[in-house]
Amino acid sequence: MSSIEPRLACKPADYKSNVNPIWCPGCGDYHVLMSFTRAFAQLGLAPENTVVVSGIGCSSRIPAYTNCYGFHGVHGRSLALATGLKVSRPDLTVVVASGDGDGYSIGGNHFLHACRRNIDMTYVVMDNRVYGMTKGQPSPTTEPDFDTALSPGGTGLSPFHPLVIALASGANFVARAFSGEPNETANILVEAIKHPGFSFVEILSPCVTFRPDERDWKSQVHPAPVGPTSDPAKAARRIMTDDGFNIGILYRGARAPYRPKIANATVDLAELEKDFEL
Ligand SMILES: Cc1ncc(C[n+]2csc(CCOP(=O)(O)OP(=O)(O)O)c2C)c(N)n1
Ligand code: SF4
């Protein structure tokens, strides 16, 4: 989170842009947007000092729907963009939004190294276990038997465990939320944004169009039976053995965030160009 003094009396509506979302009716991402604005209001963030960065996908449309600064980048590269931004402007609060395709497939390598670097930002992945924007291809979190015309008979591949991968790679805060519980999700986002270092929040957010079965998540989610631990091995064991629907903060680490000393460095472009002259 930035060191900027919060404003007083902000309302969630103060963080909405005048762009109307074009998600399908019933898409979980509407509630995620609601949780973002509620969390920003609870923290009293100044929109001009807050940046929402994303890649490509339905979920990645979210920056356009807030009135903070936004960067709708290219597919899978949101964390690379956000890292550059936070390193050069550590005073800003940086929240990164992604989908399971954007973040775990094409962006998977950036995910590992963002966790490892532990730069102070919040990474939110709206996981709907499918590529929504491109009409329903399986993602790294899709079940092996997801049987559609695009993956006849299912892929037969086991989904991977993003939260455990985040822990193993060094993320400093790991949580799971459900879009259908916007207040609880907002509270988790508040804690994630306040927590120093790289905070990872996976939000189960149904794609009602290509995964209508995910409407049932509402009846499957439940609060995690125990509070967060500061022991990554314990957290990983719990996550590996839970049912995938434990909601809450699962790990809070105490690693010092990485703060490269190049912040506010100025570059003379003419000098730089000279270095690359042929
Ligand atoms: C380099 C590149 N490859 C592929 C695409 C096509 N593409 C756009 S969004 C997307 C997947 C999005 O899925 P996900 O991140 O899960 O987001 P959702 O739409 O489900 O929210 C793909 C493959 C692209 N835009 N750029
Ligand atoms: S395709 Fe799925 S993820 Fe995309 S807007 Fe529609 S319901 Fe949401």
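This passage describes the ligand surroundings, salt bridges, backbone features and a surface patch of a predicted model.

The surroundings of ligand 1 make a convenient starting point. Ligand 1 is surrounded by 16 residues, and the closest of these are C58, S59, G101, D102 and G132. By character, the shell divides into six nonpolar, eight polar and two charged residues. The element that gives the most to this shell is helix α3, which spans residues 100-106 and supplies four residues. Backbone atoms of the protein also come close to the oxygen atoms of ligand 1. At D102, a polar backbone atom is 2.6 Å from an oxygen atom of the ligand. For G132, the distance between a polar backbone atom and an oxygen atom of ligand 1 is 2.8 Å. In the case of V130, a backbone N or O atom lies 3.1 Å from an oxygen atom of ligand 1. Taken alone, ligand 1 exposes 590 Å², of which the protein buries 72%.

Ligand 2 has its own set of residues. Around ligand 2 are W23, C24, C27, C58, N128, G132, C207, V208, T209 and F210. This shell holds seven nonpolar residues and three polar ones, with no charged residue among them. Readers tracing both sites in the structure will meet two residues twice: C58 and G132 are among the closest residues to ligand 1, and C58 and G132 also belong to the residues around ligand 2.

Attention turns next to charged side chains. Side chains of opposite charge can pair when their charged atoms come close. In this model the count comes to ten salt bridges. One of them joins the side chains of D91 and R89, with an N to O distance of 2.6 Å. Both partners can be placed by their accessibility: D91 is partly exposed because its relative accessible area is 25%, and R89 is partly exposed at 36%.

A second salt bridge links E143 and R211, whose side chains meet at 3.0 Å, N to O. E143 sits in the loop between β4 (121-127) and α5 (162-169), while R211 sits in the loop between β6 (198-204) and α7 (217-220), so this pair ties together parts that are 68 residues apart in sequence. The two partners also fall into separate accessibility classes. E143 is partly exposed, its relative accessible area being 22%, whereas R211 has 3% relative accessibility and therefore counts as buried. R211 takes part in a further salt bridge with D213, with 2.8 Å from N to O. D213 has a relative accessible area of 45% and so is partly exposed. Through shared partners, salt bridges join R129, E143, R211, D213 and E214 into one network.

R129, a member of that network, also stands out in its backbone. The phi angle of R129 is near 55°, a positive value in a residue other than glycine. R129 lies in the loop between β4 and α5, and with 16% relative accessibility R129 counts as buried. N118 offers another case of a positive phi in a residue that is not a glycine, with a value of about 60°. The position of N118 is the loop between α4 (108-117) and β4. Because its relative accessible area is 0%, N118 is classed as buried.

A polar contact in the loop between β6 and α7 deserves a brief look as well. S205 is located in that loop and is buried, with a relative accessible area of 1%. The side chain of S205 reaches the backbone oxygen of G28 at 3.5 Å.

The last feature lies on the outside of the protein. V267, L269, L272 and F276 together form a nonpolar surface patch with about 440 Å² of accessible area. Within this patch, F276 belongs to the segment after α9 (269-275). F276 counts as exposed because its relative accessibility is 64%, and exposed here requires over 50%.

Technical notes
Residues numbered from 1 in each chain as written. Chains lettered and ligands numbered in written order. Predicted model: local features only at pLDDT ≥ 70, side-chain atom pairs only at ≥ 80, totals over all residues. Heavy atoms only, no water. Patch = residues over 30% accessible without salt bridge, like charges linked within 9 Å, V, L, I, M, F, W, Y side chains within 5 Å. Areas by Shrake-Rupley, 256 points an atom, 1.4 Å probe, with all protein chains shown as cover. Salt bridge = Lys/Arg side-chain N within 4 Å of Asp/Glu carboxyl O. Helix = DSSP H or I, 4+ residues; strand = E, 2+ residues; numbered from the N terminus. Buried < 20%, exposed > 50% of the residue type's maximum accessible area, 1.4 Å probe, protein only. Near = heavy atom within 4 Å. Polar contact = N/O pair within 3.5 Å; in protein donor to acceptor, adjacent residues only side chain to side chain. Nonpolar A, V, L, I, M, F, W, Y, C, P; charged D, E, K, R; others polar.
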